[in-house]
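Open the model in a viewer and keep the sequence panel visible. The stops below are given in the order in which to select them.

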Amino acid sequence: MRFDNAYTWAGLFLDLPKGVCRYRVDLEARMVEPSRAMTDGEGWGYGLGPCNLLTNGRPFGYSLQHAMIRLDGVESGNSGVFRNPSVNDGQSVGLPADYGWHQWTLKVDGDQVTITREFGVAVTGGRVSGASGLPATCDDAGVFLRVFNGAAAFRDIGVTGL
């Protein structure tokens with residue numbers, strides 16, 4: 001997927017059947033490049049959003065972002081957990097600051113998610129519904145794969161009920 005210009009909420013929404021609150025998402029993803037020369041303070045990458053709702057074309061809910069940022073003229077990692085649409089207010093997560101392929105597994109069980117990479121390396125987890133800034137439940141939610149300020153590639157996407 002590639003989205004240039006100033007797209008903020010571009011991506012793919014995986015709509016799940018109503019009432020599905022226990023599932024597993026497996027996929028591979030990689031950042032490709034920023035859409036243009038970034039100025040200091042600008043970031044790019046992709047986000048993985050289990051139990052997200054789409055409201056007026058914008059995602060609402062939990063998101064793990066695998067991201068880069070330019071600071072003082074240098075690219076560095078800027079990954080973290082956020083609550084869409086507040087993508088600049090979250091908790092930092094240590095992920096590789098690279099453009100390589102990464103395997104991701106997101107396990108949603110009710111109001112909780114566990115995220116691993118590279119077939120079992122623990123990344124993070126937490127609440128995806130029933131709290132401030134999150135959907136009330138996952139009953140009518142899906143998975144949002146977000147690309148921002150650049151290009152990202154996704155492959156081998158699978159969703160399995162638990």
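The tour goes from a set of paired strands to the cysteines and then to some backbone details.

This is a predicted model, in which local features need pLDDT of at least 70 and side-chain atom pairs count only at pLDDT 80 or more, while totals for chains, interfaces and linings use all residues. Residues are numbered from 1 along each chain as its sequence is written, and side-chain values use heavy atoms, with hydrogens and water left out.

**Stop 1: strands E9, E10 and E11**

Strands (E, at least two residues) are DSSP runs numbered from the N terminus, and two of them pair if DSSP finds at least two bridges between them. Select residues 102-109, strand E9, together with residues 112-117, strand E10; the two are antiparallel and share six bridges. Two residues lie between these strands in their hairpin, where Gly110 has a positive phi near 70 degrees. Now add strand E11, residues 121-127, which runs antiparallel to E10 and is joined to E10 by six bridges.

To follow one row across the strands, select Leu106, whose bridge partner in E10 is Ile115. From Ile115, go on to Thr124, the bridge partner in E11.

The hairpin of E10 and E11 has three residues between the strands. Select Glu118 in that loop: its phi is positive, about 50 degrees, although Glu118 is not a glycine. Glu118 is partly exposed (from 20% to 50% relative accessible area, with buried under 20% and exposed over 50%; 1.4 Å probe, protein chains only), and its value is 27%.

**Stop 2: the cysteines**

Which cysteine is joined to Cys51 by a disulfide? Select Cys138: the S to S distance is 1.9 Å, and a disulfide is a pair of cysteine sulfur atoms within 2.5 Å. The count by this rule is one. The link of Cys51 and Cys138 is left-handed, with -125 degrees about the S-S bond. Cys51 is in strand E4 (residues 43-55) and Cys138 in the loop between E11 and strand E12 (142-148), so the disulfide ties together parts 87 residues apart in sequence. Cys51 is buried at 0% relative accessibility, and Cys138 is buried at 2%.

Next select Cys21, which is buried at 17%. Its closest cysteine sulfur is that of Cys138, 5.2 Å away and too far for a bond.

**Stop 3: two more loops**

Select Asn84 and Pro85; the peptide bond between them is cis, with omega near 5 degrees. Pro85 sits in the loop between strand E7 (80-84) and strand E8 (86-92).

Finish at Asp72, in the loop between strand E5 (58-71) and strand E6 (74-77). Asp72 is not a glycine, yet has a positive phi of about 50 degrees. With a relative accessible area of 71%, Asp72 is exposed.

Note on methods
Helix = DSSP H or I, 4+ residues; strand = E, 2+ residues; numbered from the N terminus.
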